[in-house]
Number of protein chains: 2
Amino acid sequence: MTAFRTCSAIAMLLAIHCAQAADAPVKASVADLIKASRPSDWRPLDPDNTLYMEIPGGRVVIEMAPAFAPNHVANIKALVRERYFDGLAIVRAQDNWVVQWGDPNETEPKPMKTAQRTLPGEFTVPLKNDRHFTRLPDRDGYAPQVGHSNGFPSARDPKSGRAWLTHCYGAVGVGRDNGSDSGGGAELYAVIGHAPRHLDRNITVVGRVVSGMPLLSTLPRGTAPMGFYDTPDKNVPIKAIRLAADVPQAERSKLEVMRTDSAAYQAVVEAQRNRGGPWNKVPAGYIELCNAPIPVREPAVRH
Amino acid sequence: MTAFRTCSAIAMLLAIHCAQAADAPVKASVADLIKASRPSDWRPLDPDNTLYMEIPGGRVVIEMAPAFAPNHVANIKALVRERYFDGLAIVRAQDNWVVQWGDPNETEPKPMKTAQRTLPGEFTVPLKNDRHFTRLPDRDGYAPQVGHSNGFPSARDPKSGRAWLTHCYGAVGVGRDNGSDSGGGAELYAVIGHAPRHLDRNITVVGRVVSGMPLLSTLPRGTAPMGFYDTPDKNVPIKAIRLAADVPQAERSKLEVMRTDSAAYQAVVEAQRNRGGPWNKVPAGYIELCNAPIPVREPAVRH
């Protein structure tokens with residue numbers, strides 16, 4: 001049974017070459033392609049647009065995309081630099097939906113110093129803001145075109161001339177009330193379930209979680225309506241949110257993202273679109289935007 | 001701030017009528033439609049095809065779809081009735097992917113009495129097996145047609161004459177090794193992340209979790225490859241899996257599912273496809289199969 005389990009553990013649900021017959025054609029898997037990639041296929045996270053959210057379980061790393069939400073990203077940086085989030089909390093975890101964090105104190109909200117409490121929504125931006133779009137050939141139900149913009153899953157509509165970030169797993173957005181201009185970045189959420197793409201263009205998306213998703217996705221679900229925690233003691237405290245650029249080099253997370261405009265990434269997408277290996281029987285022949293993995297890794301130590 | 005927070009908690013990210021202007025046209029939300037539905041719009045779970053998995057956190061309720069996997073469902077019922085799963089464990093939790101359960105003992109696998117260890121895969125079935133299909137008009141990238149079959153999200157290909165259950169959030173499938181006939185139902189998994197639709201037609205899907213998903217989705221992620229728990233003490237013990245029909249009435253979960261071939265359900269889907277209310281600014285005009293909610297509720301007590 002060891003062989004079965006070992007084989008199963010490696011091969012089951014993934015296109016990895018377990019018990020590959022010697023004469024079978026080997027098709028590269030996503031893991032193979034990552035291994036074969038060159039250093040130039042990767043870029044480091046931008047420290048000026050990367051947040052470290054420190055919670056009891058560890059660090060959640062969020063990369064922001066200023067091209068898609070310039071005012072909100074600037075405002076979130078102002079909030080972070082005035083230490084607005086430190087001591088606030090994750091107040092909501094709704095299954096197959098989002099976790100959300102911000103100020104749990106409804107009666108005496110934490111004052112802001114330099115940041116704005118609200119901003120006009122940045123639900124979409126002009127196409128020209130997005131200089132790194134690589135289109136997927138696969139059709140999408142929610143948008144005329146979808147693809148990746150410098151590491152972020154995105155969509156665009158050439159007719160309206162607008163582009164936007166999409167609500168894939170790990171997307172980070174700005175909570176708001178009914179008004180389009182009622183959010184500002186002081187309440188943020190991350191998607192922890194099936195992509196709620198119907199939120200696209202209805203809310204400002206500022207970036208995505210690139211590391212630490214399990215720290216959010218495993219949080220106990222709140223039992224009040226919409227997954228809010230029903231008592232304050234259930235809130236998950238935020239020790240601090242810091243901009244990577246403000247953290248000493250030695251304490252930074254060393255992460256890099258595969259360049260989504262590289263040939264290596266196109267190969268990764270194709271390996272997922274038509275998975276090879278002996279486990280897969282029917283290739284999908286299609287990839288849905290939020291099923292395209294965006295590889296993130298710790299860079300190899302260079303001597 | 002209370003009003004803001006109360007309003008926000010109700011309205012944010014959901015099309016519920018918070019601070020609705022008196023003269024604004026009111027469009028029914030999913031919650032409204034569920035409230036307005038008639039008893040005949042719902043069906044009880046079928047006790048002969050419903051499993052209760054009892055784990056330390058509580059009960060996970062799985063409804064099986066024998067129309068789509070007749071041999072596997074029969075075999076799982078045999079396994080359950082010989083108490084095969086009792087004392088086994090959840091051995092794997094991979095973020096944005098699956099949790100999986102079965103026999104953690106690789107060297108001395110638990111013997112089976114009446115059940116089969118493996119069966120030929122039932123990845124797809126003839127169209128005629130599926131007598132309740134209601135097609136969504138929305139196009140899908142992974143299949144020529146998608147919709148719902150008696151409460152299960154499903155797909156079909158009229159050309160090949162085959163139908164299959166799809167890997168939406170909560171789908172329960174049969175782990176297997178490389179061979180199509182290497183699974184039998186003794187190792188099962190549930191989807192806890194974005195729908196891995198590329199697994200469709202590659203594995204036998206037997207049903208879906210209708211209650212208790214948070215008990216699975218919040219499990220600590222395993223740190224061994226593919227999310228397996230790295231040491232046996234991290235496995236999550238399964239107290240028992242029982243068929244609802246074998247459990248005394250008083251101990252059964254009283255749940256009913258909205259009939260997916262009802263007009264009420266079509267209205268629910270439309271309310272999600274084009275969400276109304278003051279929060280939503282841009283209706284999607286589209287619904288992706290795994291974003292269509294399939295309402296499950298405890299029936300009202302009848303006097």
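The following conversation introduces a predicted model with chains A and B.

Colleague: How should I read the numbering and the values?
Modeller: Residues are numbered from 1 along each chain as its sequence is written, while chains are lettered from A and ligands numbered from 1 in the order in which they are written. This is a predicted model in which local features need pLDDT of at least 70, side-chain atom pairs count only at pLDDT 80 or more, and totals for chains, interfaces and linings use all residues; side-chain values use heavy atoms, with hydrogens and water left out.

Colleague: What are the ipTM and pTM, and what is the mean pLDDT of chain A?
Modeller: The model scores 0.92 for ipTM and 0.92 for pTM. Chain A has a mean pLDDT of 91, and 90% of its residues reach 70 or more. Here pLDDT is the predictor's confidence in each residue, from 0 to 100.

Colleague: Over which residues of chain A is the pLDDT below 50?
Modeller: That applies to residues 1-24 of chain A, a stretch that has 63 contacts in the model beyond near neighbours in sequence. A contact means heavy atoms within 4.5 Å. Where pLDDT is low, the predicted coordinates should not be read in detail.

Colleague: By what turn and shift can chain A be laid on chain B?
Modeller: A turn of 180° with a shift of 0.0 Å along the axis lays chain A on chain B, with an RMSD of 0.0 Å. That is the relation of a two-fold axis. In addition, 100% of the contact residues of chain A recur in chain B, so the same surface serves both copies. The superposition is by least squares on the C-alpha atoms of residues with pLDDT of at least 70 in both copies.

Colleague: How many aromatic pairs are there over all chains?
Modeller: A search of the whole structure finds four. One of them is formed by Tyr142(A) and Tyr286(B), whose ring centres are 4.7 Å apart and whose planes stand at 85°, so the pair is edge-to-face. Rings of Phe, Tyr and Trp (its six-membered ring) pair if their centres lie within 6.5 Å; planes under 30 degrees apart count as stacked, over 60 as edge-to-face and the rest as tilted.

Colleague: Where do Tyr142(A) and Tyr286(B) lie?
Modeller: The pair crosses between chains: Tyr142(A) is in the loop between strand E7 (133-135) and strand E8 (145-149) of chain A, and Tyr286(B) is in the loop between H5 and E17 of chain B. Helices (H or I, at least four residues) and strands (E, at least two) are DSSP runs, numbered from the N terminus.

Colleague: Is Tyr142(A) buried or exposed?
Modeller: Tyr142(A) is buried, with a relative accessible area of 9%. Tyr286(B) is also buried, at 9%. Buried means under 20% relative accessible area, exposed over 50%, and partly exposed in between (1.4 Å probe, protein chains only).

Colleague: What do Tyr286(A) and Tyr142(B) form?
Modeller: They form an edge-to-face aromatic pair, 4.7 Å from centre to centre with 85° between the planes. This pair also crosses between chains, from the loop between H5 and E17 of chain A to the loop between strand E7 (133-135) and E8 of chain B.

Colleague: Changing topic, how many disulfides does the structure hold?
Modeller: There are two over all chains, a disulfide being a pair of cysteine sulfur atoms within 2.5 Å. In chain A, Cys168(A) is joined to Cys290(A), with an S to S distance of 2.0 Å.

Colleague: Which parts does that pair tie together?
Modeller: Cys168(A) lies in the loop between strand E10 (162-165) and strand E11 (171-174), and Cys290(A) in the loop between helix H5 (263-273) and strand E17 (296-297), so the pair ties together parts that are 122 residues apart in sequence.

Colleague: Why is the disulfide of Cys168(A) and Cys290(A) left-handed?
Modeller: It is left-handed because the torsion about its S-S bond is about -75°. Cys168(A) counts as buried at 5% relative accessibility, and Cys290(A) is buried at 11%.

Colleague: What about Cys168(B) and Cys290(B)?
Modeller: They form a disulfide with their sulfur atoms 2.0 Å apart. Their link is left-handed, with -75° about the S-S bond.

Colleague: Which residues of helix H5 of chain B are buried?
Modeller: Among them are Ala264(B), Tyr265(B), Val268(B) and Val269(B). What covers the buried residues of H5(B) includes helix H2 (30-36), strand E8 (145-149) and strand E16 (256-258) of chain B.

Colleague: Lastly, where does Arg242(B) lie?
Modeller: Arg242(B) lies in strand E15 (residues 240-243) of chain B and is buried, with a relative accessible area of 18%. Its side chain is joined to that of Asp86(B) by a polar contact of 2.8 Å. A polar contact is a pair of N or O atoms within 3.5 Å; within protein, one must be able to donate a hydrogen and the other to accept it, and residues adjacent in sequence count only if both atoms are side-chain atoms.
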